[in-house]
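Hi everyone, thanks for coming along. Today I'd like to walk you through what sits on the inside of a protein model, and then follow one helix. Have a look at this with me.

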Amino acid sequence: MCGIAGYHGAGLHPQEADALLKAMSCAIAHRGPDEAGIHVGEQVGLAHRRLAIVGLADGQQPMATADGRLRITFNGEIFNYIELRQELESRGHRFRTKSDTEVILHLYSELGPDCLGKLNGDFAFAIHDAHHARLFLARDRMGVRPLYHTWHRGRFHFASEIKALLTVPGVEARLDLLALDQIFTLWAPIPPRTAFEGICELPPAHWMIVENGAAHVQRYWDLNFSEIDHARPQDQLEEETRSLLEDATRIRLRADVQVGTYLSGGLDSSIIAALAKRMAPAGLSSFGVTFSNAAFDESGFQNEMVDALGTVHHTVDCDTDEIASVFPQVIRHAELPILRTGPAPLYRLSSLVRSKGIKAVLSGEGADEVFAGYDIFREARIRRFCARQPGSQLRPHLFRRIYPYLANLKRQTPDYLAAYFGITTDHLDDPLYSHRPRLRSTAGTKLFFSKALRKELSDYSAADELAATLPDAFRGWHPLHQAQYLETRFLLPGYILSSQGDRMAMAHGIETRFPFLDHRLVEQAARVPANTKLKGLREKHLLREAMRSTIPERIAERPKQPYRAPEADAFTANARDYVETAFQRTALEETGIFDVEKSTRLYKKSRLSNFTGFRDNAAFVGILSTQLWSQQFARQFRRTDETLAVRV
Amino acid sequence: MPQQINADIRAFVVDNFLFGDESEAPADDASLIESDIVDSTGILEMVSFLEEHFLVEVADPEIVPENFDTIARLTAFVAGKRNAKAAAGT
């Protein structure tokens, strides 16, 4: 819910401050269509756009404590605010509103930064302490809610989305070239870097204090796989999982408005929908994407769940034309180049939710990270199995089993399967071992970088930088836990929860809630032995067993179907002016990021060839989205050999 | 003949996988997979090219690195196929 923005520092007249805050607020008006508020104080300004979900009548922001010392602008939800409020009241705190916002203020006044350990929720907020002339900012553990910041002329500015920071006079939109390299290798920038040079994100699970013109940033939580509990029997683990997931769902249904649920037909969203239906006797609206292409469509499973649960189900069909029609808006909201079209159907889905009068939805996102559901986890296990007998002609056939939807693998011989998955070349003690094939194939897209860009990037390695950020304990963890950490710490907040999550939902003022990302559940699952989560090649084993009685057998036993959408063919099936423009020589020369000859050849190949592999698809979407990003945010900035300036 | 086969295969690799970038062209004995030039789709593109351009048939069991992983091996594979075809025809 909501959008926040503000500044800290001197030099603005009250009228200038008022105008700046209004401009920043307007840029993110889509995040909070219900109300808007600003506060201008001594060397501080706070702005808030409200999507009213809890405390409808008295939750206006920015909100201050009774003595006026602390003032907050807050985006998100504290799901355990009722329990926290009771605790605070028992210690003498008196509340003036029914909102969760006021709970944060009281908790912070008592505990300072340590208050974050008490919060169970998705949040990004800033609290100004007038006594100490200090601004405290924080972001939730998993990175559900966004928070960006930049310094300009000695003043600190922050906002839920970067487009608000671009309204600050003098702040320019310039592509961060290392971020581009990271996106074209890892799918997302490594925090705190963003696609915008000089604009940072506050990483998930971090807080920040700004005072006296300087900032101090600190991590307050991390995923920890060092304390595995091998003694606990499986039935206890199942009971604990079931109980935590039920409670995580229960508190995420807290709202003064109706909460709906996403329902793809997969295991995770089906579990959440089933739990929510049981807890919402008045009825539950569910929402799903369908595809006309059977390779991506899950409507059969969706309908089975709808029949079983009796939800009021709404669907939006996404064929190639629909994806192409919204893609420029998707990039405008995502605020970074992307290599996949996956966000586009979710942009359309949140529009559908809004049209039905729903403001908040539950989502099954996060289960694949927390309970080991992704194919890449199974792939890494098979790769290690094959590496023990590199010449085996039988073991590589297992790759076909985990990728039945990849037609290209069907004709491949075992030798080639082994070669594609790096059986003989990848080092087993590489901390990024689980992700090496994906990193390699993704980085292949950099073939299309212009010569000038490649020269500037020189031998920079995004993968090496990623490896350097890993905690000391990482090397001692089980290989599955290493892979889970990489997915959960980086791709989840950097892509899934942002480009596919918050940004697509908030484009239409929809708040998404993720029971699987309740920190109690995440911490419990991290203590579960690896083989209990991924049993052989059976993904999410513990979750399936724990929730078996909740959903129909056919859904409970469904193999994982990754969420996919049409890629390059979404843009080449029918001619689109903006796509042709993006790949025109003049446009490519103007941005200077991509090799003109190769990019135009790729465009031609994508239109004419029957073969578009992973690299070419990703490169096509990456080039198109980067060109759109440049047009929308940085058109005036022309890059040449002389102007390329990478800060490595 | 092998020189022409080699030149045609090299031209296809540069044109189709490297999008015209001669500077990235692999040596004759460089692995196309380890150089990240072809992936699982790329191999099928190569099979399609060999069948259509050189009029040879490629059976699934022949799609192995011994035949496909370098330009030199591809050249030898096609030359062998053509020789066998010529011998069968005489």
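Which residues touch the most other members of the largest nonpolar core? They are A:Phe125 and A:Leu137, in a core of 187 residues. Please keep in mind that this is a predicted model. Helix α28 of chain A, residues 614–633, gives this core its largest share, 10 residues. The core also draws at least three residues from each of domain 1 (3–219) and domain 2 (224–290 + 311–316 + 344–431 + 479–563) of chain A.

Let's zoom in on A:Leu137. Leaving out residues up to four places away in sequence, A:Leu137 touches A:Ala126, A:Leu147, A:Phe158, A:Leu202, A:Trp207 and A:Met208. Apart from this core lies another one, of 29 residues, and among them are A:Ile402, B:Val13, B:Ile43 and B:Met46.

Now, on to our helix in chain B. Helix α4 of chain B runs over residues 71–89, so to speak a stretch of 19 residues. From first C-alpha to last it reaches 27 Å, close to the 27 Å expected at 1.5 Å a residue.

Where do the buried residues of α4(B) fall, seen down its axis? The buried ones are B:Ile71, B:Leu74, B:Thr75, B:Phe77 and B:Val78. They fall within an arc of 165°, so they line one face of the helix. Here is a handy rule: an α-helix has 3.6 residues a turn, so residues three or four places apart point the same way.

And what do those buried residues pack against? In chain B, their partners are α1 (2–17), α2 (40–53) and α3 (65–68). On the other side of α4(B), B:Asn83, B:Ala84, B:Ala87 and B:Ala88 are exposed.

Note on methods: Residues are numbered from 1 along each chain as its sequence is written. Chains are lettered from A and ligands numbered from 1 in the order in which they are written. This is a predicted model: local features need pLDDT of at least 70, side-chain atom pairs count only at pLDDT 80 or more; totals for chains, interfaces and linings use all residues. Helices (H or I, at least four residues) and strands (E, at least two) are DSSP runs, numbered from the N terminus. The expected span of a helix is 1.5 Å times one less than its number of residues. A residue is buried if 20 or more other C-beta atoms lie within 10 Å of its own, exposed if 12 or fewer, and partly exposed in between; C-beta atoms are placed from the backbone. The arc is that of the directions from the helix axis to the C-beta atoms. Two residues are in contact if their C-beta atoms, placed from the backbone, lie within 7 Å. A nonpolar core is a set of buried Ala, Val, Leu, Ile, Met, Phe, Trp, Tyr and Cys residues joined through C-beta atoms within 7 Å. Domain bounds come from an automatic or database domain assignment.
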